[in-house]
Each structure stands twice: as structure tokens, then as C-alpha cells.
Amino acid sequence: MQTIKLNNGVEMPQLGFGVYQIPNDQTSEAVYQAIKIGYRLIDTASVYGNEKETGEGIKRAIDEKLVTREELFVTSKLFILQAPEAKATATIGQSLEAMGLDYLDLYLIHQPYGDIYGAWRALVAAQKAGKLRAIGISNFKSAKMIEFVGLNEVKPQINQIEVNPWNQRIEDETWHQKYGVQIEAWAPFAEGRHDLFTNSVLAEIGKKYEKSVGQVVLRWLMQRGIVALAKSVRPERMAENFDIFDFELSSDDIKKITDLDMKESAFFDHDAPQQVEWFMNRMLETEK
Ligand SMILES: NC(=O)c1ccc[n+]([C@@H]2O[C@H](COP(=O)([O-])OP(=O)(O)OC[C@H]3O[C@@H](n4cnc5c(N)ncnc54)[C@H](OP(=O)(O)O)[C@@H]3O)[C@@H](O)[C@H]2O)c1
């Protein structure tokens with residue numbers, strides 16, 4: 001597995017498996033299958049409600065000696081906080097307990113709202129205590145990431161953001177490189193939006209290499225040096241998405257993909273009032 005070295009020296013797999021929107025009763029099996037296929041980076045979040053089942057899939061794979069804990073790179077995330085530091089510390093503990101793990105390889109502030117500075121102090125303390133090997137942020141736009149780096153002693157190792165052919169984040173990539181913060185792509189397939197899987201440009205490129213659209217997209221992210229998370233509940237697609245290390249896209253093909261950039265989210269803008277309102281309501285629901 002190709003790895004990427006983070007700004008604190010920790011190495012992580014460049015391709016991973018995400019469990020967002022996998023129903024609870026399918027998560028453990030999906031995680032187990034993904035590990036069996038070869039994935040070593042597993043991404044969940046407290047707000048996905050499936051940390052426990054993710055941990056069960058991991059435990060089964062370890063118990064069956066498919067993998068050791070040290071070979072895995074397990075990520076979870078802290079949702080929006082009304083109350084600061086102490087609550088973040090408690091949430092990290094809850095994630096560890098739910099997943100049945102002594103430490104996590106990566107823990108992220110999931111959304112750029114609420115007391116992100118209090119939350120960050122808790123993450124830094126947990127990292128120093130050996131409970132988190134790497135820490136980072138998610139859904140921070142470049143300007144916010146720069147402010148966050150400027151105002152904290154410890155800078156994030158990762159910013160997990162939406163990156164896909166419709167929203168390529170080329171300028172953001174330059175800013176993240178400047179500050180040494182690794183980009184990790186969520187929704188690399190844009191969850192299929194704008195008919196990604198049948199896009200003629202991507203399909204045509206795939207034909208040349210005898211690869212699918214999904215494989216072309218993930219390969220493009222690998223060649224950009226971006227960590228990518230792909231989600232599927234189907235083992236055959238998990239295997240397909242993992243089989244991307246035996247070909248290389250030409251610079252002409254990369255250029256054709258670059259031309260597809262719409263430079264806007266296939267989902268929503270984190271600064272749109274109705275979206276922030278949605279997140280605030282979601283936060284109140286999770287606190288019930
Ligand atoms: N930090 C954040 O705010 C954030 C937000 C969103 C996601 N994430 C993380 O990023 C991960 C990936 O993003 P995502 O799950 O939103 O979307 P995604 O990976 O872009 O797309 C997943 C969708 O594509 C389908 N699919 C997967 N492989 C395919 C293939 N080879 N051919 C055809 N269809 C395929 C899946 O269907 P099937 O399952 O039916 O195969 C599913 O509907 C998440 O699981 C999560 O860990 C983080």
C-alpha cells in the first residue's frame with residue numbers, strides 16, 4: 001500500500017475505506033470485507049453512529065489474523081461542540097470505548113463550527129497522551145485552515161475535505177502544501193452526482209487502461225498526492241476501487257480530468273446560512 005508521511009512523521013495509507021451512510025447492521029461486515037480485500041485506512045465519525053460496528057469489523061479481522069492493529073490506520077471524528085475542551089476529551093474517550101481500541105491513528109474536528117479551539121486543545125492533549133497518533137480538521141476552507149494554523153502551536157496533520165472531478169480544489173491544494181497540511185478527499189466519486197460513473201470523458205480515459213471510472217478517479221487522486229476515502233457496501237466494488245496501483249494516467253488524461261472542474265461543491269457550501277442552520281439542528285439532535 002502506498003503511504004503518505006504527515007507533518008508529524010506519522011505515515012498513513014493513501015487509499016482508505018469510509019463508512020459514512022453504511023447502515024449499522026452492515027457496517028461490521030463491510031469493514032471486515034474491506035480489510036480482507038486490503039484496505040488498511042478505515043474512516044468513521046462519532047456522528048455516523050457506527051463507531052461500535054466499525055470496531056467490531058476491525059476486531060473480527062484482527063482476531064482472524066488478517067491484520068494486526070499496528071497495520072491498520074483507524075480514523076474517527078468529533079462532531080460540533082457547544083461546550084468546549086472537557087466535552088471534547090470525553091468524546092475522544094467515547095470513540096475509543098465504542099470502537100474497543102486503546103488508541104486511534106487519526107482524529108478530526110469534523111466541522112468548522114463551534115469551539116474549534118477548545119476542541120483542538122483536547123485533541124493535542126490526547127495526542128500527547130498517546131491516544132491519538134495524528135490529529136486534524138475537516139471541512140475547513142483554506143482561509144480558515146490558515147487562520148487555524150496561525151493561531152495554534154500544533155498544526156493539523158490533515159484537512160479532510162470534499163475533492164472529486166467536479167470540485168477539484170486545485171488552489172486549495174497549493175495552500176495546503178504551503179502550510180504542510182495533508183489533504184484527504186471525502187466523496188471522491190461525489191457519491192455519483194452529476195452522473196459521475198457514466199461520464200463519457202472519464203469512461204473514455206478508463207477504456208485506454210482497461211479501468212473503470214471509479215478506478216480512474218481514485219488513481220487521479222493518488223497521482224495528485226491526495227489521500228482518498230472510497231465507500232462501498234459491495235465487496236466487488238471495494239476490490240475494484242482498491243485495484244488502482246498497476247497503471248498511471250498520462251499528463252494528457254490528467255489535463256482532460258482537470259477540464260471537468262466545476263469549482264464548486266457537488267453537495268453544499270459550508271458557509272451557506274441554510275447549511276449552517278442544518279448543522280446547528282443536527283448538533284442539537286446529537287446532544288439529546
Ligand atoms: N468529513 C466529512 O464531512 C465527510 C463527508 C462525506 C464523506 N466522508 C468520508 O468519505 C467517505 C467517502 O465518501 P462518500 O461515502 O460520501 O462518497 P463516495 O465514496 O464518493 O461515493 C460512495 C457511493 O459510490 C458508490 N460506489 C462506490 N464505488 C463504486 C464503483 N466502483 N462503481 C459504482 N459505484 C460505486 C457507492 O455505492 P455502493 O455502496 O452501493 O457500492 C456509494 O453510493 C465516507 O464514507 C466518509 O468516510 C467524510
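Modeller: A polar contact is a pair of N or O atoms within 3.5 Å. The model under discussion is predicted.

Biologist: What makes the pair formed by Glu240 and a nitrogen atom of the ligand a polar contact?

Modeller: A polar side-chain atom of Glu240 lies 3.0 Å from that nitrogen atom. The limit is 3.5 Å, so the pair counts as a polar contact. The protein covers 89% of the 900 Å² of accessible area that the ligand has on its own.

Biologist: Which atoms of Asn139 and Val233 lie at such a distance from the ligand?

Modeller: For Asn139, an N or O atom of the side chain is 2.8 Å from a ligand oxygen atom. For Val233, a backbone N or O atom is 2.9 Å from an oxygen atom of the ligand. Both values fall within 3.5 Å, and therefore both pairs are polar contacts.

Biologist: Which residues surround the ligand most closely, and which element gives the largest share of the shell?

Modeller: The ligand is surrounded by 27 residues, the closest being Asp43, Glu191, Lys231, Ser232 and Arg237. Helix H9 contributes the largest share, three residues. At least two shell residues come from each of strand S10 (227-230) and helix H9 (235-242). The ligand sits in the largest pocket.

Biologist: Why are strands S5 and S6 said to pair?

Modeller: Pairing requires at least two bridges. Four bridges join S5 (residues 73-78) to S6 (residues 104-109), so these parallel strands pair. In one of these bridges, Leu78 has Ile109 of S6 as its partner.

Biologist: What do strands S3 to S10 form?

Modeller: They form a closed barrel of eight strands, S3-S4-S5-S6-S7-S8-S9-S10, with parallel pairing. Neighbouring strands are turned by 30 degrees against each other on average, direction ignored.

Note on methods:
Residues numbered from 1 in each chain as written. Predicted model: local features only at pLDDT ≥ 70, side-chain atom pairs only at ≥ 80, totals over all residues. Heavy atoms only, no water. Axes fitted to C-alpha atoms, helices over the stretch in contact; angles between N-to-C directions. Near = heavy atom within 4 Å. Polar contact = N/O pair within 3.5 Å; in protein donor to acceptor, adjacent residues only side chain to side chain. Areas by Shrake-Rupley, 256 points an atom, 1.4 Å probe, with all protein chains shown as cover. 1 Å grid on protein atoms, 1.4 Å probe; cavity = no way out; pocket = protein on both sides within 12 Å on 5 of 7 lines; lining within 4 Å. Sits in = over half its atoms within 2 Å of the grid points.
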